[in-house]
Amino acid sequence: MPAPLSVIIPTLNAARDLPLCLESLMPGLESGLIREVIVSDGFSEDGTQSLAEAAGATFLKAAKGRGRQLIAGAEAARGEWLLFLHADTALSREWAERVSDHIAQRPDNAAVFRLKYRSDEKGARWLESRANRRARWLGLPYGDQGLLISRQKYDQIGGFPDVRLMEDVMIVQAVGKKNLTFLDAEARTSAAKYERDGWRKRAWKNAWMLARFLLGASPDKLAKEYT
């Protein structure tokens, strides 16, 4: 019986972060959980392709834009379950066991991981706590928390929208809070933008972008302002 899980990673010039992301998938490969790893690339100009292929991933080129790359990766995937993961996110070692349990016990629900930033700064702990509470209360996790979803559920809700920004918010809105499980494993994501801009400044900027989207601003307009 084929392994159930296809992992889909959208990339754009991700050579710095991709190796750690791919390394974190080893428990899933060793346990036979992962059927394939698909790197859906927006025409990177660094060593992303060679790194992906050296790791045994399927590398495909898609139109630039994370929404389009996620769609292309999902179309190519053969697994009964899909795990969408950002290239700058690495999963904690127990992730494969938690995902296996979820597939067996809650097949009708999608799932995300607990957010963790790869930083020792106090601002990281403040933002993690805030973001994880918000995710549970509102059912709106960050895309950095990954998304585990069955192929059946993914197709049922129409998959990722073809937008330049907020594709992660739109798909979990389609899933619905009551159909979303929070797994007891960490998605350890890069803190580079927060360390560059300042933890609180970047957090409030992202919160304002989300608020504007929820109030009706178009994803394409917001994408032009996002850095």
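Which elements each supply at least two residues of the lining of the second largest pocket? I would like to start there, and the answer is helix 1 (18-23), helix 2 (26-30) and strand 2. Please keep in mind throughout that this is a predicted model.

The volume of this second largest pocket comes to about 160 Å³, and its lining includes Leu22, Glu23, Leu25, Met26 and Leu29, together with Glu36 and Val37 and the run Ala55, Gly56, Ala57 and Thr58. Sorted by class, that lining has seven nonpolar, two polar and two charged residues.

Let me turn to the largest pocket, which holds about 1,400 Å³ of space. Its lining is made of 41 residues, and those closest to the centre are Arg66, His86, Asp88, Lys193 and Tyr226. At least two lining residues come from each of strand 1, helix 4, helix 8, helix 9 (192-197) and helix 10, and helix 10 gives the most, with four residues. By class, the lining of the largest pocket divides into 16 nonpolar, ten polar and 15 charged residues.

Strand 1 deserves a closer look, since it appeared in that list of contributors to the largest pocket. Seven of the seven residues of strand 1 are buried, so the strand is largely enclosed by the rest of the structure. If we take the two faces in turn, Leu5, Val7, Ile9 and Thr11 are buried on one side, and Ser6, Ile8 and Pro10 are buried on the other. As for its partners, strand 1 pairs with strand 2 (residues 34-41) in the parallel sense over seven bridges, with Val39 in strand 2 as the bridge partner of Ile9. Strand 1 also runs parallel to strand 4, to which four bridges join it, and there Ser6 stands opposite Leu82.

Within strand 1 (residues 5-11) I would single out Pro10. Is Pro10 buried or exposed? Pro10 counts as buried because its relative accessibility is 8%, which is under the 20% cut-off. Once the neighbours within four places in sequence are set aside, Pro10 is in contact with Ser40, Arg66, Gln69, Leu70, Leu85 and Ala87. The C-alpha atom of Gly32, by comparison, which is 22 residues from Pro10 along the chain, is separated from that of Pro10 by 23 Å.

Now to the cores. The largest nonpolar core has 31 residues, and the members with the most contacts inside it are Leu82, Phe84, Leu147, Ile149, Tyr154, Phe160 and Met166. Two or more residues of this core come from each of helix 4 (66-76), strand 4 (81-84), strand 6 (110-117), strand 7 (147-150), helix 8 (167-175), helix 10 (199-214) and helix 11 (219-225). There is also a second, separate core of 30 residues, which includes Val7, Ile9, Leu25 and Ile103.

Phe160, one of the residues named for the largest core, touches Gly67, Leu70, Ile71, Phe84, Leu147, Tyr154, Glu167, Asp168 and Ile171, not counting residues up to four places away in sequence. Two of those contacts, Glu167 and Asp168, are among the buried residues of helix 8, along with Val169, Ile171, Val172 and Val175. These buried residues of helix 8 pack against helix 4, strand 6, strand 7, helix 7 (151-156), strand 8 and helix 10, and after helix 8 comes Gly176, which has a positive phi near 95 degrees.

What is left is the enclosed space. How many cavities of 30 Å³ or more are there? The count comes to two. The largest cavity has a volume of about 130 Å³, and of the 15 residues that line it, Gly143, Gly146, Leu147, Phe160 and Asp168 lie nearest its centre. Helix 8 provides the largest share of that lining, three residues, and by class the lining comprises eleven nonpolar, three polar and one charged.

The second largest cavity, with a volume of about 50 Å³, is lined by Val112, Phe113, Arg114, Asn132, Arg136, Gln145, Phe182 and Leu183. Strand 6, helix 6 (122-138) and strand 8 (180-189) each supply at least two of its lining residues, with strand 6 giving the most, three residues. By class, this lining has four nonpolar, two polar and two charged residues.

Conventions: Residues are numbered from 1 along each chain as its sequence is written. This is a predicted model: local features need pLDDT of at least 70, side-chain atom pairs count only at pLDDT 80 or more; totals for chains, interfaces and linings use all residues. Side-chain values use heavy atoms; hydrogens and water are left out. Buried means under 20% relative accessible area, exposed over 50%, partly exposed in between (1.4 Å probe, protein chains only). Contact means heavy atoms within 4.5 Å. A nonpolar core is a set of buried Ala, Val, Leu, Ile, Met, Phe, Trp, Tyr and Cys residues joined through side-chain atoms within 4.5 Å. On a 1 Å grid over the protein atoms alone, a cavity is a set of points where a 1.4 Å probe fits but cannot get out, and a pocket is an open set with protein on both sides within 12 Å along at least five of seven lines; lining residues have an atom within 4 Å of a point. Grid points are joined across faces, edges and corners, and a volume is the space filled by probe spheres set on the points. Ala, Val, Leu, Ile, Met, Phe, Trp, Tyr, Cys and Pro count as nonpolar, Asp, Glu, Lys and Arg as charged, and the others, Gly among them, as polar. Two strands pair if DSSP finds at least two bridges between them.
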